[in-house]
Structures are given as structure tokens and as C-alpha cells.
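Good morning, colleagues. I ask you to take a moment with the sequence and the structure before I begin my remarks.

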Amino acid sequence: MGIEMPRLSSRSYLLGLITAAVVPVWLFAAYLLTQYALNERSRFDTEALQVARQMSLVVEGEINNLATVVKGLSKSAALAAGDLMTLQTEAVRLTQGTRSFIVLRDLERQQLINTQVPYGTHLPPVEPISAADLAKLKSNLPIVSSVHAVSGEFRIDVAIAVHGPEGENWLFLISVPTAHIRDIMMPAVPEGWTIGVGDRQGTYVTRSTLHDEMTGKPGLPAYLEKIEGRSGTFTASNFQGMTLLAGYYRSSASDWFYTANVPLSVVQAPLWRSLTAIAAMALAAMLISTALAYVVGTGFASAARDLASRADALGQGRPVTPMSTAISEFAAIADALLAAERALAEREFELETVLEIAPAAVWFTYDPQARNVIRNRFAAELMGLPTDLRKSFGTPDRVIDTIALQDGHRVDREDRPLSKAMRGEQTDNQEFTYILPSGVQRTLLSSARPIRGATGNVIGAVQVSLDISERKRGEEQRKLLVNELNHRVKNTLAVVQSIASQTLRNADNLPEAGRSLASRLVSLAKAHDILTQENWSGADLRDVITAAISPHAIRERCHLSGDPVWLSPTLALSLSLGFHELTTNAVKYGALACDQGIVTISWTLSRQAGSRQVRIEWREQNGPPVAPAKRKGFGTRMLERLLGPESAGKVSIMFEETGVVCVFAIELGDDDPNPTGRPTMPV
């Protein structure tokens, strides 16, 4: 019997595993922090040296500028001539408006001129030149003094050697307050840094902060003793007891030193922040580890269920949400599901793009009741839905309530193509008429197919429809036009038969009968032309009269006036024949048979009790005298019988002395003078 291993819970194993995984991370983080701290310290050291060097360049540049001032003055002709009064005047002019002054002295202790006092004033002796400064003078280098007080103000001097008119060795110097050095330096001081400038004795020349308190004071010995050699860095405490990281640089020209100081706390702040962060993370990691040891053991099943739900969402086309888990395998599966969703979305976008540009309406559904559907833009337009692409695909829309008809019979929703396809049935090129809630009616030619899964079961359905509303309306219109044409042809043939019979019966000879018949048929044809142009919806009265009289009479001798009047096709044909007969008679026997005769055709439109009446008057003037014929010819009989019972009108013919007068009184029916909307020419 083997040794029985102690049984621990999965939480204990997980806690040990997590601890074993976290501890190396902490150690590695500590190592990284150590390296980071060293790098930060090195970076600050380098930056401190650079700042100190930069400050030396700024201040030493100003010292050279001061030396240049006195060098320029040393070239004065007054100095060469020994005219010290003029030389002082020039020096005063150079320092006017500044806190600087210029001194000319010998190498002993005697001052020759001093711009602080008028020329000729007794000048006290000054300090002798040191051996080190004398050595610089022999090398023709400018001398930069240490900080000294003049009248209670701390100053520094910049001097050069010059020769008097007789070859004497003199010294020309310019004195400026230490505040001048501070003002020159301040624009170049980086934010957060404190700059100190000390002379070769270790006395503060200036400081970027607390200048007035520090200038002329010796530096701390513990601080100064660390400034060794040309440059370097160190840590030390300042007057306030604050520990600083300092970088220094000593100038070879002036022997001054320049220090760039930053609080050590600023240098160490990133490290302390990182240490605080890692300590917080370590504590949080321990707490999380303990919680994970308790939760993860039972969380495996929950994570598996979450993955299953996301896989189900992917299968049903619903969004797959990211999964937050500490288990890399589960995270990898979740990422794979997200990647699959993106790939599927790309494929769907390609399909959507095709469906959006396809000139057909497409519907999808995975709803067994076929009520939640996905549709493309053309389907949305047909049903009066929003056509935004994002609303067309992705989120199913509820099908709007529409009335579907097939062969005039209402079709229930479950018998429509998409619903039938969800039941596994197939629909091919069936016509359905849909009446939308807005009242718009559309006829669609639809085909539908079920979408089957791998096992053959129906999982969805797709329907493709073409809008054939215009085609159906065109077919109905063509059918109506064919029926109307048949009716018109029969009526026209009956009219032609009557005209031919009456013409032949009343003609004196065959040639005259032929001419009369041809003329009347031409008039009838012109009326047909007008009606054809209007799709046999009717014709305007003015157009009918103009077409009837134009072939026979001079248009200028016929005066037409009246309101726009729209005639039915039958009435237009009848009036065309009537005005043809009147015009033919006027040309042969009436007003148009002589040069002075004219014909006035006028009409008026009136309304009574919702019905329209038109009165048309044909009046001949200035023609030969007329009298009633002994017997009525075909034209007169045709005019009297011109208006059928459906027109509810009558024709009156009068033979007045001035010419023939023919009056048509016609009932036009209900208001709607122009049902086609065709504009008529105003009188």
C-alpha cells in the first residue's frame, strides 16, 4: 500500500501555483526597478553636468562681453594721448544708464580714473594685484575677480592689461554687481533646477534662488570640498538641510565653479513611485490570488458556460462580447471566437455589399414565425422602412403589418413565401400585391427558399422579390388600351361607313363623291391624330377646331376665342366632322368664298349645379347673301344629327342675311375639365 498523499483542495493548489507564478514576477519587477533607478540616477547626473556646463557658457559669455567693452575702450585715442579726462568722459558714456563703472589703475595701488566720481576727484588706493592675476596679465588673458563689496554692494570685476602713453603698464577694469550675473543667467535656468555660481575662493557670486541672501557668502565647506577637478556630480545638503544632487563645472578662464542642483527627492521620486506601485500591485496580487484560489476552482465551469454562450451567440449571429478571464486557454478560445466573429462580420459585410447593390429586394429570417427579418436596402425602400445600412442588416426588424393579396384574395402571413420557406416549402415566381399601412400598393414577384443546416433541418429562410408594380400597371393599361382601341375602331368604322354611305347617296357624280369622301375622312383622321397624342383621354376644343378648319380656310380669316374646354374623345370626333362641314360649305358658298368674308368661332363655358355646359357659335360675316336651301343636303343633316344622346346637346342652324350662324349647345357633365392634367392654351 503506497503512501497516501495529502489531499488538498483545488483552491490550495491554485494558490500555490499562483504564488509560484507571482513571486518570480515580483523579483523581476524589483530587478527592473533597480535598473530603472540606476538609469534615472545616471540620467540626472548627466543632466546636472550638462546644465552646469550650459550655465558656465552663459556666464562666461557675459564675462567675455564685459572684457570686450574695456578692450574697445582701450583702443581710444585719448588713452594713447594720455588725455585721461577725455578717456573718463568716454568711459562714463559707455556705462551711462547701468550699474556698472570703469576704473583705470596701475599695477600698484593707484587709481587713475573712476567713472563713479568726477574726473580730478581724489581717488583712494586700491588692493594690489595678486601674483596669479599678474601671471594672467602676462598671458594677455582677462582677469576675473572674486566677489567683493563696494559701497555695501557685492560686485565682480573684469580687467585687461593696457599700456599708457609712455609705455606704462596699467589695468583697465569694468565692475558690475553680482545681480547682473544673476539676470544674465536666469533665462537659461531649467525649471526645477537651482543654479549656484561661486568664485575661486568658494564665495557665492549668485544663486538662481535666494540671490540676495547668498551672494558674497562663502559656501558650505561640506559642499565645497566635493567640488574637485574640472567637473563631476555629488550629493550634499544645502543651507536649508535639503539633500541635493549636484553637478558642477569649473571654468578654466575665470576659475569660477558652476553648480546645477536638484532635490534628491525629485531624483528618487520615480523610484519611490514605482516601489509604491509594485508594493500595491503585490498586495493586490496576493489578495487576488487568494480570491482566485477560492473562485477559480468553481469558476472553470462558469468560464466554460460563458464560452458556450458566446459560441451560441456566434452561431445565431448575435454579437460576441469579449471575455475577461485569467485562464489563458479560455482567453485564447474567447479571442478565437472574437476573431471568428470579425471574420464572419467581414464575410457578412461582403454579402451585405452585394445585396445592397443588387436591384432586388432580399429578406432573411431565422425566426420560426418569420416575423423578425433582416432585409436589404431595396426591401426597405419597398416597405417604406429606413434605408440606413446599419438598420438594414445586423439587428432583425419586426415585419410591418401589410395586407398581401394574390389573385385578389387576401393571403395570411403564414402563407406568404418567407413563412412557407421556414416550413420547408419552396416558392417560385409568385405574384403578390402588398398594401402598405401608408396605402401604397406594390406588386412583387417573389421566390423563397428554406435554409437548411448540416443535418437537413430548416434553420432559416430567404426571399428574393422584384418590384413589378410598374409592369403590372403597364399590362393593365395596355389591356385597357387594347379594349379601348377595339371599341374606337368599331366606332370609327361605323362613322366611316355612315359618311361613305351618305356621301355617295347625295353626290351628283362619282368624282365629286370621291373628293367629298376623302375630305371628310381626312378631317376624321386629323381628329384621330389629336386624340392619339393625348392617349385618347380627350382633346382641347381649340385644337379640334383648328385642325378641322386649317386644311380648307385661310387661318387669318377665321377668328377663334373662348375659354379652355376639354372634350371627350367621342365629342371631339363629332365636332371635328361638324366644323369640317361648316368650313367646306363656307369655302364653297359662304363667307370664305369671297375675299372680304370672315368667320368668327367663339365659345363660352358655364357651370350650373356642378355640371358644365359649353355654347359654341359659328358666325359668317361679309359673305354673299344666303338663304335656306330648298332641300337639306348631307352636311346639314349631319350637323343636325351630330350630337348623340350621350352629349345632351343640340345644334341650331340659322341663315341670316349676314351669313350662316350655327350654334352648338352641349352638356359636358361633372366638373373635371382636364382629367389628364394636360395644360391647355389660354385664350
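Two residues are said to be in contact when they have heavy atoms within 4.5 Å of each other. Please bear in mind throughout that this is a predicted model.

Let me apply that definition to S254. This residue sits in the loop between β10 (243-250) and β11 (257-263). Which residues does S254 contact, once its neighbours within four places in sequence are left aside? They are E60, I63, K136, V144 and R200. S254 has a relative accessible area of 0%, and because buried means under 20%, it counts as buried.

I turn now to the chain as a whole. Its secondary structure amounts to 17 helices and 26 strands. The chain has 683 residues, of which 40% are buried. Among contacts with a separation of 6 or more, 55% are between residues 24 or more positions apart. The exposed area is about 37700 Å², with 57% of it supplied by carbon and sulfur atoms.

Next, the interior. In soluble globular proteins, nonpolar side chains tend to be buried together. Here the largest nonpolar core comprises 45 residues, and those with the most contacts inside it are L87, L104, I156, F172, I195 and W256. The element that gives the most to this core is helix α1 (residues 10-74), which contributes 11 residues. Another core, of 30 residues, lies apart from it and includes L541, V651, F664 and L668.

I156 deserves a closer view. Not counting residues up to four places away in sequence, its contacts include V147, I174, V176, V205 and W256, and also T178 and I181. Both T178 and I181 are among the buried residues of helix α5 (residues 178-185), together with A179 and M185. Why do these four lie on the same side of α5? The reason is that they cover an arc of only 155° around the axis.

A strand offers another pattern. In a regular strand the side chains alternate between the two faces of the sheet. In strand β21 (residues 558-562), C558, L560 and G562 point to one face and are buried, whereas H559 and S561 point to the other and are not buried. β21 pairs in the parallel sense with strand β23 (residues 598-608), over 5 bridges. Within β23, the residue opposite L560 is I601.

Finally, I come to the charged side chains. The count of salt bridges is 10. One of them joins R449 and D428, with N and O at 2.6 Å. This pair links distant parts of the chain, for R449 belongs to strand β18 (residues 441-452) and D428 to strand β17 (residues 427-435), 21 residues apart. R449 is partly exposed at 33% relative accessible area, and D428 is likewise partly exposed, at 39%.

A further salt bridge connects E425 and R423, at 3.6 Å from N to O. E425 is partly exposed at 35% relative accessibility, and R423 is partly exposed at 45%.

For the last example, is each partner in the salt bridge of R615 and E617 buried or partly exposed? R615 is partly exposed, with a relative accessible area of 42%, while E617 is buried, with 15%. Their closest N and O atoms are 3.6 Å apart. The two also belong to a network of salt bridges that links R615, E617, R619 and E656.

Thank you for your attention.

Conventions:
Residues are numbered from 1 along each chain as its sequence is written. This is a predicted model: local features need pLDDT of at least 70, side-chain atom pairs count only at pLDDT 80 or more; totals for chains, interfaces and linings use all residues. Side-chain values use heavy atoms; hydrogens and water are left out. Buried means under 20% relative accessible area, exposed over 50%, partly exposed in between (1.4 Å probe, protein chains only). Helices (H or I, at least four residues) and strands (E, at least two) are DSSP runs, numbered from the N terminus. The arc is that of the directions from the helix axis to the C-beta atoms. A nonpolar core is a set of buried Ala, Val, Leu, Ile, Met, Phe, Trp, Tyr and Cys residues joined through side-chain atoms within 4.5 Å. Two strands pair if DSSP finds at least two bridges between them. Accessible areas come from the Shrake-Rupley method with a 1.4 Å probe; for residues, only the protein chains shown count as cover. A salt bridge is a side-chain nitrogen of Lys or Arg within 4 Å of a carboxyl oxygen of Asp or Glu.
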